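Trainee: I should like to take a close look at a single part of this model. Please treat it in one connected account.

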Amino acid sequence: MPSLFVSHGAPTLAIDPGQTGPLLASLGQSLPAPQSILVVSAHWDTPQPAVGITPRPKTIHDFGGFPAELYTLQYPAPGAPELASRARELLLDAGFETIADAHRGLDHGAWVPLRYLYPEADIPVTQLSIQSNHGPDHHYRLGRALTPLRDEGVLILASGAVTHNLADFTTPDPNAPARDYVVEFSGWIARHLAAGNIEDLLDYRRRAPCAARAQPTEDHLLPLFVALGAAAGKPARRHEAGVTYGILAMDIYTFD
C-alpha cells in the first residue's frame with residue numbers, strides 16, 4: 001500500500017467537492033484496496049501518541065457555524081482495534097509510548113476525505129494522534145516506525161493541509177485567487193518532496209519561503225511528515241486540486 005497525504009480543506013468539502021472530491025474518488029478507485037486504514041489527522045492532538053481502539057467509532061462533528069446539513073452526515077465505518085494494537089506494537093518497538101483510547105471517533109480530518117475515497121464505509125479504520133508539542137522530525141520517525149503496515153495491507157492516510165492560515169480568511173468565495181505566499185510555499189514543498197530532500201523538508205520552518213505565514217502553527221502540516229516517513233524513500237507524486245478561499249492549498253500526495 002502507498003502512504004497518502006491529503007489536504008482536507010474546510011469541513012464544507014463534505015458537501016462541496018470542488019476539485020478535491022473527484023480527485024479523492026479517483027484515487028480511491030485506483031489504489032489497491034486496503035484491508036484497513038490508519039488515519040493521522042491534524043484534528044487529534046495529544047501530548048503523546050494515542051490510538052483509537054473502539055470497534056464502532058462515532059462520526060465527530062468537530063466544528064461550528066457551518067450549514068446544518070454537515071451535522072447530519074455520518075461515516076459508519078467499523079473500527080480497527082487489531083490495527084490499533086499492531087500500530088502500538090510498532091511504535092513501542094521504536095521507542096514511542098502510546099495510549100489506547102477506547103472512545104475516540106473519527107474527526108472531520110478523517111471522515112470527510114474518507115467519504116470520497118471509500119464511500120461505502122466498509123473498510124475498518126482507526127486514528128493515530130499528532131503531537132503538536134513536537135516537530136517534523138518526531139512525526140517523520142513515527143511514520144518510519146509504521147512503515148511495516150504498508151506491507152500488511154494498511155493504508156496510512158495522513159490528513160492536514162499544505163497551507164493553513166485561517167487568519168487570512170477574508171472571502172467566502174472558494175474560487176478566490178491564491179495568495180502569493182500560498183503558491184510559493186506549496187511549490188517549495190512540492191519541489192522538495194519530488195527531489196526527496198528530507199533534510200530540507202524537516203527544516204522547512206527555516207528553509208521554506210513564507211513558512212511562518214503558510215503554517216502559523218504546525219498542526220496541519222505534521223501529518224505530511226508521518227506519510228513521508230512511512231514512505232521509506234518512495235517517491236512523492238503530487239496531485240494538484242487548486243486552492244480554496246485563496247489560502248488553502250489542496251494538494252494531495254501519494255508515496256508509492
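What covers the buried residues of H3?

Mentor: The model is a predicted one, and the account below should be read with that in mind. The cover over the buried residues of H3 includes E1, helix H1 (20–30), E2, strand E5 (125–130) and E6. Helix H3 itself spans residues 108–117 and is mostly covered, nine of its ten residues being buried. These buried positions are His108, Gly109, Ala110, Trp111, Val112, Pro113, Leu114, Tyr116 and Leu117.

Among the elements that cover H3 is E6, and this strand merits attention in its own right. Strand E6 comprises residues 154–160 and is likewise mostly covered, with seven of its seven residues buried. Its side chains may be divided by direction: Val154, Ile156, Ala158 and Gly160 point one way, while Leu155, Leu157 and Ser159 point the other way, and all of them are buried.

Two further strands that help to cover H3, E1 and E2, are also pairing partners of E6. Strand E1 (residues 3–7) runs parallel to E6 and is joined to it by five bridges; within this pairing, Phe5 has Ala158 as its bridge partner in E6. Strand E2 (residues 36–45) pairs with E6 in the parallel sense as well, over six bridges, and here Ser41 has Ser159 as its bridge partner in E6.

Gly160, which belongs to E6, illustrates the setting of this strand at the level of one residue. Its relative accessible area is 0%, and Gly160 therefore counts as buried, the cut-off being under 20%. When neighbours within four places in sequence are left aside, Gly160 is in contact with Phe5, Val6, Ser7, His8, Gly9, Ala42 and His220. Gly160 and Ser41 are separated by 119 residues in sequence, yet their C-alpha atoms are 6.2 Å apart in space.

A separate packing of two helices may be added to this picture. Helix H4 (residues 136–146) packs with helix H9 (residues 222–230) at an angle of about 40 degrees, and their axes are 6 Å apart. H4 and H9 are therefore oblique to each other, and their crossing is right-handed. On the H4 side the residues involved are Pro136, His139, Tyr140, Gly143, Arg144 and Leu146, which meet Leu222, Phe225, Val226, Leu228, Gly229 and Ala230 of H9. By class, this contact of H4 with H9 has eight nonpolar, three polar and one charged residues.

Notes. Residues numbered from 1 in each chain as written. Predicted model: local features only at pLDDT ≥ 70, side-chain atom pairs only at ≥ 80, totals over all residues. Heavy atoms only, no water. Buried < 20%, exposed > 50% of the residue type's maximum accessible area, 1.4 Å probe, protein only. Helix = DSSP H or I, 4+ residues; strand = E, 2+ residues; numbered from the N terminus. Pairing = 2+ DSSP bridges. Axes fitted to C-alpha atoms, helices over the stretch in contact; angles between N-to-C directions. Parallel < 35°, antiparallel > 145°, perpendicular 65-115°, else oblique. Left-handed = near helix turned anticlockwise from the far one by under 90°. Contact = heavy atoms within 4.5 Å. Nonpolar A, V, L, I, M, F, W, Y, C, P; charged D, E, K, R; others polar.
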